[in-house]
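Here is a walk through a two-chain model, going from backbone oddities to helices, domains and the contact between chains. Keep the viewer open as you read.

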Amino acid sequence: MKLILGILFFLCLCSCSSEREEQYKPIPVTIELPTTFQSLLPPPVIPQENPLTQEGITLGRKLFFDPILSRDNTLACADCHSPQNAFSDSKRFSDGLDEEKGIRNSMPLMNLAWNISNRFNWDGSAVTLEEQIFEPVTNPIEMDHTWEAVENELNADDEYPQLFEQAFAINRIDSTAVSKAIAQFIRTLVSGDSRFDQYLREEVELTPQELSGLEIFMNEEKGDCFHCHGNPNNPLWTDNQFHNNGLDEAFDDLGLGGITGDPSQFGLFKSPSLRNLAYTAPYMHDGRFETLEEVIDHYSEGLQFSETIDPLMKSIAQGGVQLTPQQKEDLKAFLLSLTDEGFVSNPSYQNPN
Amino acid sequence: MKKIIVLLVVSMTLWSCDNDDDKTSNKGVGITFSESWDKSPVTFTDLNATVFTNENGDNLQLDGLRYLISNMVLTNNETGQSYQSGAGFFLRDISETTRTSPSLGFTVPPGTYKLSFIYGFSEEDNIDGEYENLNIVSWNWPEMLGGGYHFLQMDGSYNVNIEPSPFNFHNGTARVSDGVFEQNFVPFSFDDIEIGENSAMITINMDIAEWFKNPHTWNLNELDTQLMPNYTAQKMMQDNAQSVFSVSVE
């Protein structure tokens, strides 16, 4: 009888022990929302199959800053998406491996958990953030690696296997888990504390010049910027849609149309957020404009007609919306009020390695 | 014995529930949206592809069309009972294949109904920044023009066969003068909506051609862009809106 009891007790211990292992669950995390986002926007979109967890975000952050994803271990995501540039690149075209360069400027990464259009990149080529993360690793002009090699290196690493096990309860690291972790980190990159946000929260006053700039931004007879770039009630400052904003008469880069094959979408690119423009130069999908003055000049006098130009570029016949020098300065002052200094210096967004 | 009693009670409860369901016999009624140019259907495949000719003889192509419908109510002719749609509003975007939403539906007993809805928002509902799902798609109407939300955005090009020019046919609150605004929504009501013994789908159709036709013949060469702050254009849109919607039931 004692023997039977002893066996039962042993079995019970084994069972408890394995249950304890199986029951390990990463700690769920909720994105801390800026006040204006809470009152004006729907909740962030977090995919059911990749919920935010403390372990997942920590791992994603480590991977984001780790050159282990590149072929020769020299290039990390953060090299082209640097925190001090609002997760963009100050170079017109980022340096890939072997000094290879692309044809587009690195997109800033912020508030992507509210991208309800579900199209990422300048040309909308990825339909989820997780999918977006797959491409740069194997792109010959970016990290030029293979996922098989990345997986092998990560599995052979001293730290990563345990971190992946804690985040995703897996014994073997794969590309899906890598993309999930980095996507989790990117979803936490929230910018919502610019001077303009503080103005909306009635904490600060805008200058008369900034207010004048806002009026120009919102006036259909002046700048008419709001149809594509948000407004005080859309604090993302983008519509997350694709437009041909009159940059060229002919296209070297087809943008969205190159992905969909639809000629009516040739030359359409995603509207970027106007937040943190102080950090995201150069501007446009190909980084052709080095300064905000050049950008404003483009919309004021520099529009080029092409068949797919957006009808919202309504002043095409006049070459643009014809702002006065004072209006241009005011508009720039307003745009810079969307600068969120705390975003680029946020300790949670810096290199942990 | 106890088991038998429990089984009997459970069976009777289930039977009783079934009978209740039969008695109520409420039917699901959905709402879906469609668009046409006169009698020809218009879909997203017509965007930037099909050339339409408006009442004024202007050739035009559509680049996008979005519009807002709110406060959909079915009212039973016999009982006077009103049934509110599950959704307070619906933003239709012709570029999307989604023509309906489960939350738009009603559950009503069979009978004859009146369907009423508002094109845009009523003055009471048109609250600046109130609706997060409209804010995130930048559907807002500038505060300097009265705030709230767009009712319609129809963008495209006209004189497409000669020298294409853009038009932005946008509608919302009308600005009379600085700080003085006038509502611009349009209430609609359609009688004799028959809901039978089966589920039904009500289609709300927008005849796009009517925006340019009735009662004002719209000349795009004169009224093409910067229409939002143009009081006269805004009120002409409100007038022309009266005949753009029709309703059918299947």
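## Unusual backbone spots

M284(A) sits in the loop that runs between β2 and α13 of chain A. This is a predicted model, so take every value here as computed from it. The phi angle of M284(A) is near 80 degrees, which is positive although the residue is not a glycine. M284(A) has 18 C-beta neighbours inside 10 Å and so counts as partly exposed.

That loop has another oddity: A281(A) and P282(A) are joined by a cis peptide bond, with omega about 0 degrees. P282(A) lies in the loop between β2 (269-270) and α13 (292-301) of chain A. Chain B has a cis bond too, between N214(B) and P215(B), again with omega about 0 degrees. Here P215(B) belongs to the loop between β14 (200-207) and α3 (231-241) of chain B.

Back in chain A, N118(A) also has a positive phi without being glycine, near 55 degrees. Look for N118(A) in the loop between α4 and α5 of chain A. Its 13 C-beta neighbours inside 10 Å make N118(A) partly exposed. Why bother flagging such spots? Because most residues other than glycine have a negative phi, and most peptide bonds are trans.

## Two enclosed helices in chain A

Helix α8 (residues 175-187) of chain A has 13 residues, which at 1.5 Å a residue should span 18 Å; its end C-alpha atoms are 18 Å apart, so the two agree. Of those 13 residues, 11 are buried, so α8(A) is largely enclosed by the rest of the structure. Among the buried ones are K180(A), F185(A) and R187(A). What covers them includes α3 (54-64), α4 (77-80), α5 (129-138), α6 (147-156) and α7 (160-168) of chain A.

With 9 of its 11 residues buried, α3(A) is likewise largely enclosed by the rest of the structure. Its buried residues include E55(A), R61(A) and F64(A). The cover over α3(A) includes α4, α7 and α8 of chain A.

## Domains and records

The domain assignment splits chain A into domain 1 (35-190) and domain 2 (195-342). Their C-alpha centres lie 26 Å apart. Where they meet, 27 residues of domain 1 are in contact with 28 residues of domain 2. The domain 1 side of that contact divides into 12 nonpolar, 12 polar and 3 charged residues.

UniProt has an unreviewed entry for each chain. For chain A, it lists residues 208-339 as "domain: Cytochrome c"; for chain B, it lists residues 28-222 as "domain: Copper-binding protein MbnP-like". In the model, those two spans look like this:

| Span | Helix | Strand | End C-alpha distance |
|---|---|---|---|
| residues 208-339 of chain A | 32% | 3% | 17 Å |
| residues 28-222 of chain B | 2% | 47% | 46 Å |

## Chain B as a whole

Chain B comes to 3 helices and 15 strands. Its radius of gyration is 22 Å, where a compact globule of 250 residues would be near 18 Å. Along its principal axes, the C-alpha trace of chain B spans about 90 × 40 × 35 Å. Of its 250 residues, 38% count as buried.

## Where the chains touch

The contact between the chains takes 25 residues from chain A and 24 residues from chain B. On the chain A side, α10 (208-218) and α11 (226-229) each supply at least two residues. That side divides into 13 nonpolar, 7 polar and 5 charged residues.

How values were computed:
Residues are numbered from 1 along each chain as its sequence is written. Chains are lettered from A and ligands numbered from 1 in the order in which they are written. This is a predicted model: local features need pLDDT of at least 70, side-chain atom pairs count only at pLDDT 80 or more; totals for chains, interfaces and linings use all residues. Two residues are in contact if their C-beta atoms, placed from the backbone, lie within 7 Å. Helices (H or I, at least four residues) and strands (E, at least two) are DSSP runs, numbered from the N terminus. Ala, Val, Leu, Ile, Met, Phe, Trp, Tyr, Cys and Pro count as nonpolar, Asp, Glu, Lys and Arg as charged, and the others, Gly among them, as polar. The expected span of a helix is 1.5 Å times one less than its number of residues. A residue is buried if 20 or more other C-beta atoms lie within 10 Å of its own, exposed if 12 or fewer, and partly exposed in between; C-beta atoms are placed from the backbone. UniProt positions are given in the numbering used here, feature names are shortened, and annotations may be inferred rather than shown by experiment. The radius of gyration is taken over C-alpha atoms; the globule rule is 2.2 Å times the number of residues to the power 0.38. Domain bounds come from an automatic or database domain assignment.
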